[in-house]
Structure formats: structure tokens, C-alpha cells
There are 2 protein chains.
Amino acid sequence: MLSFDILAEDGLARRGRLGLTHGMVETPVFMPVGTYGSVKGVAPASLEAMGAEIILGNTFHLWLRPGLDVLARFGGLHRFEAWPRPILTDSGGFQVWSLGANAKVSELGVAFQSPVNGDKLLLTPEVSMQIQHVLGSDIVMQFDECTAYEVEGRITGEAEARRSMEMSLRWAGRSRAEFARLENPNALFGIVQGGMFENLREESAAALAELDLPGYAIGGVSVGEPKEAMQRIVAHTPHRLPAAKPRYLMGVGTPEDLLDGVAAGVDMFDCVMPTRNARNGHLFTRFGDLRIRNARYKTDEQPLDPSCACPTCARFSRAYLHHLDRCGEMLGPMLMSVHNLHFYVDLMRRIRAAIEAGALAGFAAAFRADRARGI
Amino acid sequence: MLSFDILAEDGLARRGRLGLTHGMVETPVFMPVGTYGSVKGVAPASLEAMGAEIILGNTFHLWLRPGLDVLARFGGLHRFEAWPRPILTDSGGFQVWSLGANAKVSELGVAFQSPVNGDKLLLTPEVSMQIQHVLGSDIVMQFDECTAYEVEGRITGEAEARRSMEMSLRWAGRSRAEFARLENPNALFGIVQGGMFENLREESAAALAELDLPGYAIGGVSVGEPKEAMQRIVAHTPHRLPAAKPRYLMGVGTPEDLLDGVAAGVDMFDCVMPTRNARNGHLFTRFGDLRIRNARYKTDEQPLDPSCACPTCARFSRAYLHHLDRCGEMLGPMLMSVHNLHFYVDLMRRIRAAIEAGALAGFAAAFRADRARGI
């Protein structure tokens with residue numbers, strides 16, 4: 001089940017509303033990442049309080065732990081992780097790709113040894129659909145091969161990117177067939193690949209559009225390529241995807257990247273950056289990024305971001321967070337993860353309001369100028 | 001400033017109310033431990049929600065990090081750690097004792113090298129009072145020497161325990177003098193020492209009573225002695241302390257130990273056990289202790305404790321907590337620390353009600369029988 005209504009447009013940017021099995025999602029949206037069924041360091045109640053409407057789960061990791069027997073017993077991931085709102089799960093393609101030499105890719109799928117217990121496993125488009133069916137994900141991602149930007153220092157050429165993109169297309173067809181056979185009532189998204197080659201991206205997008213899937217993602221970016229290459233693809237591909245369907249830019253990125261993506265017609269984003277950076281003491285603020293480990297914060301009585309309405313900024317000082325980080329206290333990453341996620345969720349809220357007002361360009365310019373000012 | 005009113009008695013047990021600079025505390029009370037200015041893995045808002053009324057801080061650790069310059073700038077620990085309710089700080093004696101051979105004890109105080117940066121430091125009764133004055137602790141503990149139960153396999157004899165206890169008494173006098181000189185408006189507690197020797201404990205208690213301090217603690221238990229020895233001292237000492245003053249049993253213990261202490265006339269407890277055990281997957285429940293790592297919980301849909309009203313039990317299953325622990329997800333210790341602390345805080349709430357009803361013995365027997373049943 002999926003509906004998608006476009007409520008307003010501003011250039012290529014769209015203000016939309018996704019209807020999913022477990023509820024509505026206002027777009028453009030940022031989706032916090034809960035790889036193992038938990039957004040690292042953030043309780044579901046905190047996610048609800050900050051207004052997160054949809055989170056990610058990871059097909060590959062959840063397949064290995066806790067495993068399908070446990071997830072089936074709970075009737076899916078929602079009840080298992082106690083998150084009643086929508087969930088999107090990636091297909092496992094990216095994680096298998098991360099295994100590198102430990103994974104053998106063939107037309108059938110990907111063979112690899114479980115990093116948990118050494119079991120020999122085979123992940124195929126069919127298996128990925130079966131797992132995501134058990135997970136009960138509101139949005140199921142097709143199984144794809146994430147085309148590497150470079151392998152052992154050699155940048156992927158067009159022939160190799162084409163071979164990979166074409167296999168992902170065949171896997172999209174197999175994913176769709178298995179999704180239908182399972183009578184999965186949720187929504188299956190296709191994934192555009194094609195590396196850094198615009199012509200391949202266009203071929204991929206056109207072929208996927210023929211499958212008439214309820215949504216489309218742009219994959220294979222944020223995989224080690226130069227920033228300029230990513231920006232080139234983000235400017236190129238989104239608006240070439242079917243206008244009536246939601247568009248999802250996978251694994252991106254900084255707050256500025258999100259602005260780029262929205263302006264190019266993207267509706268959905270996910271990234272580990274807010275949570276991972278928080279654990280490393282890297283905070284997002286209105287006036288630029290703040291490294292809490294810097295000694296200048298040792299006595300700083302201000303909140304991380306005086307303009308921020310999150311529970312961390314409402315109660316705690318930079319000096320205290322600096323201290324927690326220095327002492328290795330768990331409360332540090334807890335409080336800083338809430339702040340960074342709130343920053344992202346709030347940015348999307350403001351972006352939605354700007355699109356509704358037809359004022360995205362002005363908002364984006366002011367946001368970038370503030371961030372560039374430095375803290 | 002300190003007031004202490006005894007509202008009800010039941011045998012040796014007392015139901016009281018402590019008035020401190022930053023608010024009232026209902027006793028008997030359990031005080032969560034926030035060594036470095038943070039109760040590990042638990043946000044202050046969660047402590048407030050579960051009804052924690054007073055928490056601990058650690059003079060020794062906070063002296064080293066963030067240091068007095070930072071704490072003074074914030075006007076003390078309350079504002080620094082964003083905890084507006086009462087705080088008790090231990091004097092540093094126990095932590096210096098933990099340094100073992102790296103600390104040199106003399107009549108003056110304890111000389112040691114900072115484990116943080118190698119600086120040569122000297123902690124004396126006067127310095128401890130000065131630090132706790134900067135911290136602004138509602139309850140300041142005298143500087144004492146914690147008498148070891150055994151050193152290098154040799155159990156501490158009476159002569160050695162006497163020497164140590166008598167020095168702690170002299171340090172109590174010096175602590176009181178410095179506390180007065182600083183015109184500290186808060187409350188200074190004395191600490192009874194004397195090892196496992198009742199006669200020494202009585203001498204210590206009598207001499208401290210002459211100092212007419214606003215409260216008294218029993219130190220030097222839970223330092224590696226057999227359980228029977230601890231129980232012997234807990235049964236012996238508390239009711240021999242001045243009846244009108246609050247009595248604090250330091251560093252104890254299991255839920256059953258708390259019942260023992262209350263029945264012996266103790267009003268205040270602290271212990272790292274609920275938080276430390278939670279991080280190790282050891283949970284307290286009505287029907288006994290639960291080890292979440294046990295494979296039997298892999299598919300268990302029940303909450304940790306079906307009779308528990310904490311936010312963890314309201315939302316999450318044992319299977320999910322087992323999974324988080326197995327995956328090393330930070331949310332696991334976060335949720336389990338809240339549960340264990342809630343268990344302790346709730347136990348004290350029920351103990352207070354039982355004393356008011358004159359029904360402590362029956363409550364304790366039922367509680368122990370439930371816990372012994374096993375889960």
C-alpha cells in the first residue's frame with residue numbers, strides 16, 4: 001500500500017505526503033538509520049518526540065541477527081523493535097558490497113560467509129524479498145548491486161558500470177516478481193544504478209520506469225566518489241525519475257547535500273552521518289559544525305546550538321558535553337545523537353515549509369550562509 | 001542546611017524526610033551513582049521521571065575532570081550536570097583507596113599521581129572540603145580512609161583497623177573545621193570505620209557523635225569482605241548511631257541488602273550495582289535476577305518484569321533486549337539501566353509505604369520469597 005501526493009512544488013523541489021501501511025510521512029523527509037533494529041543511542045520515544053516519521057532497518061544485518069525465526073514470531077520488525085511508525089529496509093545489496101572480497105557475486109545473487117557465525121549464505125533478489133516480507137517493511141528495496149566507485153585504486157569504467165547496472169535491472173525484475181508472488185501488501189522501490197555515467201543512469205531510470213514501481217531510489221552514490229561526482233549525479237538523475245512517484249537518494253549526506261537533493265527533486269534521504277558523527281563528537285549547528293573535543297569548549301556554558309529546540313540544547317552546555325566525551329561517558333553520545341538527529345529532522349521541517357511558501361532558494365541561501373559563517 | 005524528620009518507625013526502620021539545600025528527599029532512599037557527573041547511560045530526565053530525588057557525585061573524579069576551574073565557573077555541580085535536585089558527594093577517600101599501591105597515605109592525607117595526566121596530587125581532609133564546597137554538594141562526606149578487608153591476601157587485623165579508624169576520626173575533626181571555615185551552608189556527614197570489628201565501630205560511632213554532625217555514614221563495608229561479615233556489621237552499627245540523624249550505608253548493595261539495611265535502621269543507600277549490572281545484562285526482577293544473555297530469551301516476547309512500570313518494560317521485550325545486547329547496541333544498556341534503577345527506586349518507595357503501614361517485616365518476607373522463586 002502506498003500513496004504519494006504532491007502538495008506543492010518549488011522549481012524541481014516537491015512537498016509531498018507518503019501514505020504507507022503504518023502511517024503518513026511528510027516529504028521531503030530524512031530517515032534515521034536503525035541498522036540492527038535500533039537507531040544507535042536513541043530510544044524510540046526520543047525519535048517520536050523529535051518528529052521522526054520513518055526509520056530504516058537493514059535486511060542483511062537483521063537476517064543474521066536476530067534472524068527470521070525471531071522476527072516472524074514478533075510478526076515483523078515493527079513490533080520487535082517497538083516502532084509503530086513506517087519502516088524502510090534496504091535490500092542487503094549495499095552491505096554485501098561492503099564485505100568486499102568475502103562476497104562472490106554472480107547472476108544468481110551473492111554468496112558469502114556470515115560474519116557472525118561463518119555460515120555459508122546466499123542472498124538473492126528472491127531471498128531479499130522473502131526477508132523483507134517477514135520484516136513487514138513499509139518500503140521494501142529491490143536487491144541490487146551497488147557499483148563501486150573504485151576497486152583497488154582503479155576507478156570503475158563505463159563497461160563495468162554498465163554490466164553492474166544491467167544486472168541490477170534484471171534483479172529489479174526478479175525482485176518485483178517475488179514481491180508479487182509473496183503478495184506483499186507494502187511498497188517496492190527500484191534502485192537506479194549506473195555509476196558516475198549519466199547515460200547509464202538514464203538507461204537504468206528508463207528501464208525501471210517500465211516496471212511501474214511505486215517509488216525509485218538513486219543508489220551507488222556516497223560510495224567513495226569525489227564530492228563533485230556525487231553532486232553531478234544528484235543534479236542529473238532525480239528529476240528524470242517518474243514525477244508522480246517518490247524519489248529516494250540513498251545514503252546522503254551532509255545538511256548541504258540534503259538541500260542540493262531537495263532542489264534536484266529528491267523526496268527521501270537516509271544517512272548514518274548524524275548519529276555516527278555525534279558519537280565522534282562532531283555536531284551540526286546553525287553556524288557550522290562543532291567538534292566537541294576541541295579544548296575551547298571546556299568552559300563553554302552555551303548549548304551546542306542556541307537556536308536549537310532539542311532536549312540536549314534545552315538542558316546541557318558544551319562544557320558538560322565536552323566533559324562527558326572526555327570521560328567516555330555513554331550519556332555523551334546519547335545526548336549528541338539526539339541533537340544531530342533533531343538538527344536533520346528540523347531541517348527537513350523547515351525545507352517543507354520553504355517549499356510550501358515557494359521560498360526554497362532563499363531559505364537554502366540563508367541556511368548555507370549561516371552554516372558557512374562558522375561557529 | 002539540613003533537616004531530618006522521622007515520620008514513622010517500624011522496629012528499627014524509620015520513614016523520614018530529609019530537607020536539603022536543593023530540595024526534599026523521602027527516606028529510606030536509594031541514590032543512583034553519577035561518578036563523573038553522569039549516571040551512566042541514564043539522562044537526568046529519566047532519573048526525574050522514575051522519581052530519583054538525590055544522586056551521587058565523586059569528589060576525586062570530578063576534581064581531576066572537569067576540574068575545579070570549570071565547576072566553579074558553573075557555580076557547582078548542579079548546574080554543570082543539569083541536575084537541580086540534591087547531590088551527595090563522597091570525599092574521595094574510597095577512590096584514593098582504590099588506587100592501591102599508587103597512593104601514599106600519611107597523617108596529612110593521601111599523595112598520588114593523577115591517573116589522568118600523571119600530575120602529583122595531594123588529597124587531604126581540607127582539600128576534600130574545598131573541592132566539595134566548589135561542587136556545592138547538598139551532602140558533603142568527611143575525608144576518611146576506607147579500611148581494606150584484606151591486603152595482598154592478608155585479612156586486616158584489629159590493630160591495623162584501629163590505626164586506620166582513629167586516623168579517619170582525626171580526619172573527621174579536620175573535615176569539620178575546614179567545612180566551618182569555608183562557611184559551607186550544606187550538610188557534612190561523618191563516616192564510621194573500624195573494619196569488621198564491632199568494638200572499633202562502637203568507638204568510631206561514639207567519637208563521631210561527639211562532633212554533632214548532621215548525619216552519619218557507615219563506610220568500609222562492601223570492600224571485598226564475605227557477605228556474612230557485611231551483614232554482621234550492618235546489623236550492628238546503624239541503630240547505634242544518633243537516632244535523630246540520617247544514617248547512610250555506603251556502597252550497598254543488592255535489593256535484599258537494602259531490606260536488611262532498612263530493617264537495621266539505615267535511611268540512605270548508594271550502589272553502582274543497578275547500573276553496572278545493567279550494562280552486563282544482569283537485570284533485577286520481582287521473581288529473581290535475569291541474565292539477558294541467556295539464549296532462552298532469544299524469542300521471549302515478555303517484558304523484563306511483567307509487574308514493572310518502567311518505560312523499558314512498558315515498551316520492549318526480553319527478545320529485543322537480548323538482541324541489542326548481542327549486537328552491542330548502545331540502546332541495550334540504556335534501556336536496561338533505566339529498568340534496574342527503576343527497580344531500586346521503586347523498591348524504596350514500597351519500603352517507605354510498608355514502614356508507614358507498620359508492615360515492613362511482612363513486606364520484606366514476601367519480597368524475598370518472590371525473588372527467591374526464580375524467573
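Start at the loop between α8 (198-210) and β14 (215-218) of chain A, where D212(A) sits. This is a predicted model, so keep that in mind throughout. D212(A) has a phi near 50°, positive, and the residue is not glycine. Most residues other than glycine have a negative phi. Is D212(A) buried or exposed? Exposed: its relative accessible area is 56%, and the cut-off for that class is over 50%.

Chain B offers another case. E152(B) also has phi near 50°, again a positive value outside glycine. Look for E152(B) in the loop between β11 (150-151) and β12 (154-155) of chain B. Its relative accessibility is 83%, so E152(B) counts as exposed.

Stay with the backbone. Most peptide bonds are trans. Which bond around P66(B) is cis? The one from R65(B) to P66(B), with omega near 5°. P66(B) is in the loop between α2 (59-64) and α3 (68-73) of chain B. Next, V252(B) and G253(B). A cis peptide bond joins V252(B) to G253(B), and omega there is about 0°. G253(B) belongs to the loop between β15 (247-249) and α10 (255-263) of chain B. If you are checking backbone geometry, that is the list for today.

Now the whole of chain A. How many helices and strands does chain A have? There are 15 helices and 18 strands. Along the principal axes, the C-alpha atoms fill a box of roughly 60 × 45 × 45 Å. For 375 residues, a compact globule would have a radius of gyration near 21 Å. Chain A has 20 Å, which agrees with that. Of the 375 residues in chain A, 61% are buried.

Contacts next. Take the contacts in chain A between residues at least 6 apart in sequence. Of these, 66% join residues at least 24 apart.

Surface and charge. Chain A has an accessible surface of about 13,600 Å². Carbon and sulfur atoms account for 53% of that surface. On the charge side, chain A carries 39 positive and 43 negative side chains. The centres of those two sets are 5 Å apart.

On to the interface. How many residues does each chain bring to the contact? Chain A brings 43, and chain B brings 43. The area buried between the chains is about 3,700 Å². Carbon and sulfur atoms give 58% of that buried area. In chain B, the residues losing the most area to chain A are R315(B), E329(B) and M330(B). Together they make up 17% of what that side buries.

Two residues show the contact between chains up close. Take V70(A), in helix α3 (residues 68-73) of chain A. V70(A) counts as buried, because its relative accessibility is 0%. Beyond its sequence neighbours within four places, V70(A) is in contact with F80(A) in its own chain. Across the interface, V70(A) contacts K298(B) and T299(B). For scale, V70(A) and L360(A) are 290 residues apart along the chain, with their C-alpha atoms separated by 45 Å.

From the chain B side, take P44(B). P44(B) is in helix α1 (residues 44-50) of chain B. At 6% relative accessibility, P44(B) is under the 20% cut-off, so it counts as buried. Which residues does P44(B) contact, leaving aside neighbours within four places in sequence? In chain A: R315(A), F316(A) and L331(A). In chain B: E81(B), A82(B) and W83(B). P44(B) and L321(B) are 277 residues apart along the chain, and their C-alpha atoms are separated by 22 Å.

Two more sites to finish. E178(A) is in helix α7 (residues 158-181) of chain A. This glutamate, E178(A), counts as buried because its relative accessibility is 7%. Setting aside residues up to four places away in sequence, E178(A) touches E126(A), M129(A) and Q130(A). So what surrounds a charged residue in the list can include another glutamate: E178(A) touches E126(A).

Last one: L108(B). Its place is the loop between β7 (103-105) and β8 (110-113) of chain B. L108(B) is partly exposed, at 47% relative accessible area. Not counting residues up to four places away, L108(B) touches L122(B), T124(B), P125(B) and R174(B). L108(B) and A43(B) are 65 residues apart in sequence, and 38 Å apart in space from C-alpha to C-alpha.

Notes. Residues are numbered from 1 along each chain as its sequence is written. Chains are lettered from A and ligands numbered from 1 in the order in which they are written. This is a predicted model: local features need pLDDT of at least 70, side-chain atom pairs count only at pLDDT 80 or more; totals for chains, interfaces and linings use all residues. Side-chain values use heavy atoms; hydrogens and water are left out. Helices (H or I, at least four residues) and strands (E, at least two) are DSSP runs, numbered from the N terminus. The radius of gyration is taken over C-alpha atoms; the globule rule is 2.2 Å times the number of residues to the power 0.38. Buried means under 20% relative accessible area, exposed over 50%, partly exposed in between (1.4 Å probe, protein chains only). Contact means heavy atoms within 4.5 Å. Accessible areas come from the Shrake-Rupley method with a 1.4 Å probe; for residues, only the protein chains shown count as cover. The place of a charge is taken as NZ of Lys, CZ of Arg, CG of Asp or CD of Glu. Buried area is the accessible area (1.4 Å probe) that two parts lose on being put together, summed over both.
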